[in-house]
Amino acid sequence: MIEYNDEHYMRQALREAQEAYLEGEIPIGAVVVINNKIIARDHNRVERLNDPTAHAEVLAITGACNSLGAKYLPDATIYVTIEPCHMCAGALYWSKVKRIVFGAFDEKQGYHNFCAEKNPFHPKAEVVKGILADECGKLMKDFFKERR
């Protein structure tokens, strides 16, 4: 079995973010991995679904839980191109994801703006920051530059 690293899976999340970009959605992508296998992947679909909760992380968590027939993901790692927002941090907490790996920080809406003193994730969760941060951040900057 091939062992992939965090960069490999973040590139998969970036593919999802690029799909969102092409669909006119804020370009954030997420993949959920268990035992070196992607079990769910998605990207922002807020505009398409007309649903403010249709963030990449929430949709990927839902897909993973449906795939496993479980409501918790204690063995999962989620890869997200941009730092989760406060809402998504709560979803990650309640799903009991083992590892949260994200690319670029979100200076305006990231969880660190709302939870600076306290870890918003499950107490056993590991958080890895800055994987392919430049690529993840560039996609967001390009998206908003086009719309201004």
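**Entry 1: overall size.** I started with the radius of gyration of the protein chain in this predicted model. For 148 residues, a compact globule would come out near 15 Å, and the chain has 14 Å, so the two agree. I then looked up the box that the C-alpha atoms fill, and along the principal axes I noted roughly 40 × 40 × 30 Å.

**Entry 2: inside and outside.** Next I asked myself what share of the 148 residues is buried. Buried residues make up 49% of the chain. For the surface, I wrote down an exposed area of about 8300 Å², with carbon and sulfur atoms supplying 51% of it. I also checked contacts between residues at least 6 apart in sequence, and 61% of these join residues at least 24 apart.

**Entry 3: secondary structure.** I listed 5 helices and 5 strands for the chain. Reading along the sequence, I get the pattern α-β-β-α-α-β-α-β-β-α.

**Entry 4: salt bridges.** How many salt bridges are there? I have 7 in my notebook, and I went through some of them by hand.

Arg-99 pairs with Asp-6, with the closest N and O atoms 3.0 Å apart. This bridge links distant parts of the chain, as Arg-99 sits in strand 4 (residues 99–104) and Asp-6 in helix 1 (residues 6–22), 93 residues apart. I looked up the burial of both partners too: Arg-99 is buried, and Asp-6 is buried as well.

Arg-41 and Glu-16 form another bridge, again with the closest N and O atoms 3.0 Å apart. Here strand 2 (residues 37–43) provides Arg-41 and helix 1 provides Glu-16, so to speak a link between distant parts of the chain, 25 residues apart. Is each partner buried or partly exposed? Arg-41 has a relative accessible area of 35%, which makes this residue partly exposed, whereas Glu-16, with 11%, is buried.

Lys-138 and Asp-142 are a pair within helix 5 (residues 133–147). Their side chains meet at 2.7 Å, N to O. The two residues are 4 apart in the helix, which means that about one helical turn separates them. Asp-142 counts as partly exposed, because its relative accessibility is 25% and the buried class ends under 20%.

I closed this entry by looking for shared partners. Asp-6, Arg-99 and Glu-126 are joined into one network by salt bridges that share partners.

**Entry 5: aromatic rings.** I noted 5 aromatic pairs. The one I looked at closely is Tyr-21 with Phe-143, where the ring centres are 5.7 Å apart and the planes stand at 65°. What kind of pair is this? It is edge-to-face, because the angle of 65° is over the cut-off of 60 degrees.

I also checked where the two rings sit. Tyr-21 belongs to helix 1 and Phe-143 to helix 5, and the pair links distant parts of the chain, 122 residues apart. Both Tyr-21 and Phe-143 are buried. I then followed the ring pairs onward and found that they link Tyr-21, Phe-143 and Phe-144 into a cluster.

**Entry 6: a charge over a ring.** Last, I looked up which residue lies over the face of Tyr-72. I found Lys-96 there, at 4.1 Å from the ring centre.

Key: Residues numbered from 1 in each chain as written. Predicted model: local features only at pLDDT ≥ 70, side-chain atom pairs only at ≥ 80, totals over all residues. Heavy atoms only, no water. Salt bridge = Lys/Arg side-chain N within 4 Å of Asp/Glu carboxyl O. Buried < 20%, exposed > 50% of the residue type's maximum accessible area, 1.4 Å probe, protein only. Phe/Tyr/Trp six-rings, centres within 6.5 Å; stacked < 30°, edge-to-face > 60°. Lys NZ or Arg CZ within 6 Å of the ring centre and 35° of its normal. Rg over C-alpha atoms; globule rule 2.2 N^0.38 Å. Contact = heavy atoms within 4.5 Å. Areas by Shrake-Rupley, 256 points an atom, 1.4 Å probe, with all protein chains shown as cover.
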